[in-house]
Amino acid sequence: MECNGISPDRMTYDFLVYGFHKSGDANSSVSMLDACIAQGIQPSNRSLRIVLSHHCKLGNLDKSLELFHLIESSGWKHGSIIRTILTSCLLSSGRHLEAKLCLNNLSKSEFIGSYTNFDDLVKKFCVLGDLKTSLKLLDTMLKKGKLPSEVSYSSIIYRLFILKEFDQALDFLVEMQFASLTPSETSVDALVHGLCATGRTCDAMKILQMLITLGSVPSYGMYRVVLDSYCRSNNLQKATALLHDMQQAGQVPNFEMQWSIISNFSSTNEKAEGHGEPILPNLFLNPP
C-alpha cells in the first residue's frame with residue numbers, strides 16, 4: 001500500500017490489530033496500534049481494548065496507564081470496558097487509590113449505561129475493605145437490570161460480617177434467596193458463627209433453613225455452632241430437633257455433640273415440646 005502511495009486508514013489498522021491478536025501475535029498487534037497512533041489516526045475502541053488488555057495481562061501497568069492517559073488526553077472514546085479492565089488490574093496489584101480514581105472518573109451516564117459486569121471489581125474492593133465502592137457497583141448492576149453473581153453478594157456479606165453489620169448482611173442473604181443464588185460456604189459460615197456469638201441463634205438457624213431451601217446442605221461446622229448455642233441457653237428442645245435435622249441432611253453428629261445435649265438433659269430433665277416424651281431417646285436416630 002505504501003509503495004503505491006496509499007496510506008493505511010483506521011479500518012486497515014483496526015483489521016491488522018485484531019488479526020494479529022487472533023493469530024496469537026500480540027507483539028505485532030501492539031506495533032500496529034503504535035503505528036496507528038503515530039500516524040495521528042484515532043484507533044477504534046476494539047483496538048485500544050485489545051492492546052490495553054494485553055499490557056494488563058503481562059503486568060505492564062505503567063504502559064497500560066500511559067496508553068489510557070493518551071486515550072483521555074486525545075479525547076478518544078474508550079468505553080467503560082477499558083476502564084474496568086484497568087481498574088481490575090490495578091486492584092490485583094494493590095494499587096487501590098489509582099484503581100478507585102480510574103473508576104470514579106467514569107461519568108454518571110457511562111457508569112449507569114455500561115454493560116460491563118462489575119462482579120470482579122466488587123470482590124476486589126471488598127477484599128481491600130472498600131465496602132462503599134463495592135455497594136455502589138452492586139447497586140449499578142441492579143439498576144441496569146443485571147443480576148450480580150454469587151461472588152458479589154458473598155463478598156459483601158463477608159465484609160459486613162467483619163464489620164459486625166449482621167442485619168445488613170441478612171438483608172443481602174434475603175436478596176440472594178429471592179434470586180435463587182446460593183452464598184459461598186465461607187461467607188455463610190462466618191455469618192452463622194457471628195450471629196451465634198452475639199446470641200442471635202434464631203437468625204443463625206434461619207440461615208441453615210434458607211440453605212436447605214436453596215438445595216444446599218449446611219456444613220458440619222454450621223450445625224455444630226448453632227447446636228452449641230442452643231445448649232448454652234438450655235434450649236434442649238430446639239437442640240434435639242436440630243440434631244435430627246442434621247442427620248436428615250446427611251451430616252452425622254459425633255458423640256461430643258450428642259453428649260452436650262445428654263448432659264444438659266440430665267440436669268434439667270426437660271421434655272420434648274408437644275410430645276410429652278423424654279428427649280433422650282430421640283438423640284439416637286439412625287442417619288438416612
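Arg 200 and Asp 167 form a salt bridge, with their closest N and O atoms 2.7 Å apart. The contact joins distant parts of the chain, 33 residues apart. This is a predicted model. Salt bridges in the structure number 9, and disulfides number 0. The points below cover charged pairs, a pocket, the cysteines, helix H14 and some backbone angles.

**Arg 200 and Asp 167**

- Arg 200 sits in the loop between helix H12 (185–197) and helix H13 (201–213), while Asp 167 belongs to helix H11 (residues 166–178).
- Arg 200 has a relative accessible area of 24%. Arg 200 is therefore partly exposed, since the value falls between the 20% limit for buried and the 50% limit for exposed.
- Asp 167 also appears in the lining of the second largest pocket.

**Other salt bridges**

- Asp 14 and Arg 46 meet through their side chains in a salt bridge, at 3.0 Å from N to O.
- This pair too links distant parts of the chain: Asp 14 is in helix H1 (residues 10–22), Arg 46 is in helix H3 (residues 45–58), and 32 residues separate them.
- Asp 14 counts as buried, at 16% relative accessibility. Its partner Arg 46 is partly exposed, at 31%.
- Arg 224 and Asp 228 form a salt bridge of 2.9 Å, N to O.
- Both Arg 224 and Asp 228 lie in helix H14 (residues 220–232). They are 4 residues apart, which means a separation of about one helical turn.
- In an α-helix, residues three or four places apart point the same way, because there are 3.6 residues a turn.
- A network of salt bridges links Asp 62, Arg 95 and Glu 98.

**Second largest pocket**

- The second largest pocket holds about 200 Å³ of space.
- Its lining consists of Asp 167, Leu 170, Asp 171, Leu 173, Val 174, Gln 177, Asp 203, Lys 206, Ile 207 and Met 210.
- H11 and H13 each contribute at least two residues to this lining.
- H11 gives the largest share, 6 residues.
- By class, the lining has 5 nonpolar, 4 charged and 1 polar residues.

**Cysteines**

- A search of the whole structure finds 0 disulfides.
- Cys 56 is in no disulfide, and its nearest cysteine sulfur belongs to Cys 89, 3.5 Å away. The pair is not counted because a disulfide needs sulfur atoms within 2.5 Å.
- Cys 56 is buried, at 8% relative accessibility.
- Cys 202 is partly exposed, with a relative accessible area of 48%. That value is under the 50% cut-off, so Cys 202 does not count as exposed.
- Cys 231, in H14, is buried.

**Helix H14**

- H14 has 13 residues. At 1.5 Å a residue they should span 18 Å. The end C-alpha atoms are 18 Å apart, so the model agrees with the expected span.
- Buried residues in H14 are Met 222, Tyr 223, Val 225, Val 226, Leu 227, Ser 229, Tyr 230 and Cys 231.
- Tyr 220 is also found in H14. Tyr 220 is partly exposed, at 28% relative accessible area.
- The C-alpha atoms of Tyr 220 and Asp 189 are separated by 9.9 Å, although the two residues are 31 apart along the chain.
- Asn 234 follows H14 and has a positive phi, near 60°.

**Positive phi in loops**

- Most residues other than glycine have a negative phi.
- Lys 164 has a positive phi, near 60°, and is not glycine. Lys 164 lies in the loop between helix H10 (150–162) and H11.
- Lys 164 is exposed, with a relative accessible area of 62%.
- Ser 180 likewise has a positive phi in a residue other than glycine, near 55°. The loop between H11 and H12 holds Ser 180.
- Ser 180 counts as exposed, at 56% relative accessibility.

How values were computed:
Residues numbered from 1 in each chain as written. Predicted model: local features only at pLDDT ≥ 70, side-chain atom pairs only at ≥ 80, totals over all residues. Heavy atoms only, no water. Salt bridge = Lys/Arg side-chain N within 4 Å of Asp/Glu carboxyl O. Buried < 20%, exposed > 50% of the residue type's maximum accessible area, 1.4 Å probe, protein only. 1 Å grid on protein atoms, 1.4 Å probe; cavity = no way out; pocket = protein on both sides within 12 Å on 5 of 7 lines; lining within 4 Å. Points joined across faces, edges and corners; volume = space filled by probe spheres on them. Nonpolar A, V, L, I, M, F, W, Y, C, P; charged D, E, K, R; others polar. Expected span 1.5 Å × (residues − 1).
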